[in-house]
Amino acid sequence: MAEGGLLVRGARIVPIDGVAPGGVVDVRVAGGRVVDVGLCLRPAAGDEVLDAGGRWLMPGLWDAHVHFTQWALLSGRLDTSAAACAEDVLGLVRARIGERAAYPVGPVVEGYGHRTATWPRQPTVAELDAVSGPVPVVLVSGDAHHGWLNSAALARFGVPPRDGVVTEDEWYPVFARLGELTSIEATETLVREAVTAAHARGIVGVVDLEWGDAPAQWQARYAAGLRSLRVRAGVYADRLDATLAAGWRTGDPLVAGQELLAMGPFKVISDGSLNTRTAFCHEPYADAVPVGGTLPADARGALNLDPADLAEALARATRGGLTVAVHAIGDAALDSALVEVVRAGARGSIEHAQLVSADAPARMAALGLTASVQPAHLLDDREAIARCWPDRSDRCYAFRALIDAGVPLALGSDAPVSPLDPWLAIAAAVHRTVDARPSWHPEQSLTVREALAASVDGQGTVRVGSRGDLVLLDADPLAGAALGGDPSAVAEHAAYLRGMPVAATIVAGEEVWATADFGSVPGHE
């Protein structure tokens with residue numbers, strides 16, 4: 001960082017949570033904070049001066065739920081997201097195996113993106129073996145809650161043979177080990193590229209809930225010079241003992257004397273997902289098939305943790321100073337998690353909250369819990385919901401019900417489940433569609449201001465005292481926000497938000513990314 005501060009000259013402040021100065025103003029950042037907002041400010045000695053040229057200024061964007069290493073590795077994986085059936089994926093794998101002589105696929109073929117909830121049948125190991133032979137194949141589902149492995153891959157990762165996919169708690173240790181298939185050097189190169197891409201979309205910080213030891217990963221990256229992104233790194237049950245023994249508390253700096261890297265929450269996955277049909281619900285899935293005239297035990301999904309075990313884990317983390325991030329997708333899982341949060345005296349967030357019971361928003365608000373939600377998931381899930389949860393679709397992705405109850409929202413992507421792109425999330429939260437179809441349950445939409453406020457880590461309108469994490473935009477994100485019910489206008493504005501042009505991204509008063517023709521110049525007295 002420069003010895004002085006940063007003076008952003010001639011910016012229009014986006015009024016996210018209240019009135020902002022009209023016209024263009026200057027904004028000065030020093031010591032990592034906004035220290036002055038006004039007209040014709042003079043730079044202090046050593047300041048850099050950034051000429052905003054009338055661009056729109058707002059707080060830098062956050063993604064409240066990512067798996068950063070997995071997102072970075074995605075570029076090297078076979079894309080199976082467009083597959084409508086098992087046969088489509090098998091064709092892709094067959095083609096990739098055939099390319100091995102000319103394409104460096106490595107010792108294992110990895111794929112990502114398929115979603116089986118709407119497939120006419122579920123995939124089998126045998127059919128994957130038939131197209132892959134001895135080459136290990138690992139295909140990660142689009143929701144990351146199961147892996148379709150062939151026999152060679154099952155053996156490679158020490159997973160017992162089976163007929164179908166590997167799901168939930170048996171799957172996560174395998175998923176965490178996929179990084180072993182790529183060299184550390186190659187992985188870290190991809191991570192740096194992913195950080196740059198994130199800055200290009202205006203991102204200044206992420207909550208990284210990567211499997212494995214995310215705090216140690218980011219400490220190593222900081223030591224290697226990667227110091228432009230704010231990260232709150234979470235841990236799972238396998239690292240809880242070590243984290244508590246080290247005395248790490250949520251918010252503690254992970255590198256002494258600096259604030260970019262901080263200890264994040266304790267993450268618990270209480271149930272599964274819609275796509276894998278393991279999200280735990282009060283009512284059976286609408287397409288559950290009876291066996292012998294009786295619905296199977298898993299017709300409502302399943303909990304990954306006994307409630308008593310969940311409460312005990314939450315209580316240990318809370319006593320150790322960690323906030324919690326409880327994954328709950330089904331309404332029964334969410335209701336159960338709220339009971340255990342009370343029992344443990346925990347604070348933190350519910351991750352996903354994709355299906356909520358009628359009284360869950362009020363209960364979450366009373367407990368002071370944040371809803372960490374991923375709006376772009378609804379773009380992928382609306383067909384699966386029509387098949388699996390058609391009788392409860394009005395309670396899915398219920399952003400309006402949550403915010404009206406007083407629950408703070410934090411938007412994210414769950415990358416690689418959805419792209420690490422806050423503007424995609426904002427557009428999905430506001431318009432709840434990505435194509436020519438009408439908005440899906442528009443009564444649960446957010447306003448643009450609400451979606452922006454849920455994407456800036458509580459910073460609101462830029463003012464004195466704000467963090468010096470800022471983004472300059474080439475367009476006004478609030479333009480055209482009052483659209484009425486015109487479907488064509490909705491589609492146009494959704495595309496406008498998704499394509500929001502970022503001119504420069506600033507972290508702690510330092511420009512970390514800018515378009516090629518936009519940059520800072522030395523200041524003067």
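Guide: Welcome! Strands (E, at least two residues) and helices (H or I, at least four) are DSSP runs numbered from the N terminus. This is a predicted model, in which local features need pLDDT of at least 70 and side-chain atom pairs count only at pLDDT 80 or more, while totals for chains, interfaces and linings use all residues. Residues are numbered from 1 along each chain as its sequence is written, and side-chain values use heavy atoms, with hydrogens and water left out.

Visitor: Which side chain does the side chain of R28 join in a polar contact?

Guide: R28 sits in strand β2, residues 25-30. With a relative accessible area of 18%, R28 is buried (under 20%; over 50% is exposed, and partly exposed lies in between, with a 1.4 Å probe and protein chains only). Contact means heavy atoms within 4.5 Å, and beyond its neighbours within four places in sequence, R28 is in contact with residues including G5, L41 and D47. At 2.6 Å, a polar contact (N or O atoms within 3.5 Å, one able to donate a hydrogen and the other to accept it) links the side chain of R28 to that of D47.

Visitor: Is G31 buried or exposed?

Guide: Look for G31 in the loop between β2 and β3 (33-38). Its C-alpha is 7.6 Å from that of G509, although the two are 478 residues apart in sequence. The relative accessible area of G31 is 79%, so G31 is exposed.

Visitor: How many Å separate the C-alpha atoms of G22 and R239?

Guide: G22 belongs to the loop between β1 (6-13) and β2. G22 is exposed, at 66% relative accessible area. Along the chain, G22 and R239 are 217 residues apart, and their C-alpha atoms are separated by 49 Å.

Visitor: How many Å apart in space are V66 and L420, C-alpha to C-alpha?

Guide: V66 is part of strand β6, residues 61-66, and counts as buried at 0% relative accessibility. Leaving aside neighbours within four places in sequence, the contacts of V66 include V206, D208 and L420. V66 and L420 are 354 residues apart in sequence, and their C-alpha distance is 7.6 Å.

Visitor: What is the handedness of the crossing of α2 and α3?

Guide: The axes of α2 (residues 86-98) and α3 (residues 125-132) come within 9 Å and cross at roughly 25 degrees, so these helices are roughly parallel (angles under 35 degrees). On the α2 side A86, L90, V93, R94 and I97 meet E127, L128, V131 and S132 of α3. The crossing itself (near helix turned clockwise from the far one by less than a right angle) is right-handed.

Technical notes:
Axes are lines fitted to C-alpha atoms, for helices over the stretch in contact, and angles run from 0 to 180 degrees between N-to-C directions. Angles under 35 degrees count as roughly parallel, over 145 as roughly antiparallel, 65 to 115 as roughly perpendicular and the rest as oblique.
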